[in-house]
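Work through the exercises below with the coordinates open. Try each task before reading its solution.

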Amino acid sequence: MRKNSGQTSQYDKIIKENLEATLPAIMKDLLHLDIVASEELPDDIQHTKERKPDALKKVTDSAGDTYVLHLEFQVANEAEMVYRMAEYSVMLMRRYKLPVKQFVIFLNEVTPQMKTEIDTPCHKYKYELIRVSETNPDLYLRSEVPHVKMMGILANIPHGKLKEDLQAIVDGIARSTESDLEKNKLFNQLRIFVQLRSNLVHQLEEIMQSVSTFFKEENDIFYRRGEARGEARGAEREKAEIAKHLKSKGIDIMIISEATGLTIKEIEKL
């Protein structure tokens, strides 16, 4: 994934952390693959300085076909993507002697401009580009897995169902996550993901305020102090002060965002 280095690392971290929980739904509902067996493959195939693949599996589908499945998640257009994917394809075929299926899953709402194929007299290659922003949010909302449900924030939510679907995402995460620590983590991830859907940021924050069980007294010092003073604004100011202090110490912006709940943009403005 490529955007700027700070933003790229935060999305990449979320995808990698949640991949084991989200991959079955991604393969079935997003890629329409009927996988019956899956085996993790080592991701050290590259012989260059390129980063490791986001997801690499040896899979067998219901038709009995076995192949290597390679996924990359992107948040920005990358001019060299088609060449990077082609390099991976050749290396994977050489190493495993199996067919290779490759997908680039584009998470952002902007229109991707990346080339998806190479067509020359000597070389023909193509990968499949999937835009999450064009998918039906019901694919994710119907899941009982909170990590999958969270991906609904990136789907094509109809304007008339914005509040309803956002509420369903937030309520679903709250309901299906027992640990307060895990809820905290998932809601912070949701705040980061929603930055890819700029028109939803305000609506999401309003809905998040209604989830009173999210901010447990023993888990969130900002809301605990704000509640004690009866001032939510005071709590937000305190978050900003702490974030500003951490930023002055050279702490990574992504880490500050996860610790305070502030967005990357809010921290960059401090």
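**Exercise 1. Helix packing**

Task: Find how the axes of helix α6 and helix α7 cross, and which residues make the contact.

Solution. The model is predicted. Start with the axes. Those of α6 (residues 180-193) and α7 (residues 201-208) come within 10 Å and cross at roughly 160°. Angles over 145 degrees count as roughly antiparallel. The two helices, α6 and α7, are therefore roughly antiparallel to each other. Next, the handedness: α6 passes α7 in a left-handed crossing. Now list the contact. From α6 come Phe187, Leu190 and Arg191; from α7 come Leu204, Glu205 and Met208. Sort these by class: 4 are nonpolar, none is polar and 2 are charged.

**Exercise 2. Length and burial of α6**

Task: Check the span of α6 against its 14 residues. Then decide how far α6 is enclosed.

Solution. Take 1.5 Å times one less than the number of residues. For the 14 residues of α6 the expected span is 20 Å. The end C-alpha atoms of α6 are 20 Å apart, which agrees. For burial, the cut-off is under 20% relative accessible area. In α6, 10 of the 14 residues are buried, so the helix is largely enclosed by the rest of the structure. The buried residues are Lys183, Asn184, Leu186, Phe187, Asn188, Gln189, Leu190, Arg191, Ile192 and Phe193.

**Exercise 3. Two strand residues**

Task: Is Arg131 buried or exposed? Is Val59 buried or exposed? Locate each residue and list what it touches, leaving out residues up to four places away in sequence.

Solution. Begin with Arg131, in strand β7 (residues 128-131). Its relative accessibility is 18%, so Arg131 counts as buried. Arg131 touches Phe106, Glu109, Val110, Thr111 and Pro112.

Turn to Val59, in strand β2 (residues 55-61). At 1% relative accessibility, Val59 counts as buried. Val59 touches Ile35, Ala37, Ser38, Asp65, Thr66, Tyr67 and Leu69. Finally, take a C-alpha distance: Val59 and Leu41 are 18 residues apart along the chain, and their C-alpha atoms are separated by 9.9 Å.

**Exercise 4. The whole protein**

Task: How many helices and strands are there? What percentage of the residues is buried? What share of the contacts with a separation of 6 or more joins residues 24 or more positions apart?

Solution. Count the elements: the protein has 11 helices and 7 strands. Then burial: 49% of the 270 residues are buried. Last, the contacts with a separation of 6 or more: residues 24 or more positions apart account for 58% of them.

Technical notes
Residues numbered from 1 in each chain as written. Predicted model: local features only at pLDDT ≥ 70, side-chain atom pairs only at ≥ 80, totals over all residues. Heavy atoms only, no water. Axes fitted to C-alpha atoms, helices over the stretch in contact; angles between N-to-C directions. Helix = DSSP H or I, 4+ residues; strand = E, 2+ residues; numbered from the N terminus. Parallel < 35°, antiparallel > 145°, perpendicular 65-115°, else oblique. Left-handed = near helix turned anticlockwise from the far one by under 90°. Contact = heavy atoms within 4.5 Å. Nonpolar A, V, L, I, M, F, W, Y, C, P; charged D, E, K, R; others polar. Buried < 20%, exposed > 50% of the residue type's maximum accessible area, 1.4 Å probe, protein only.
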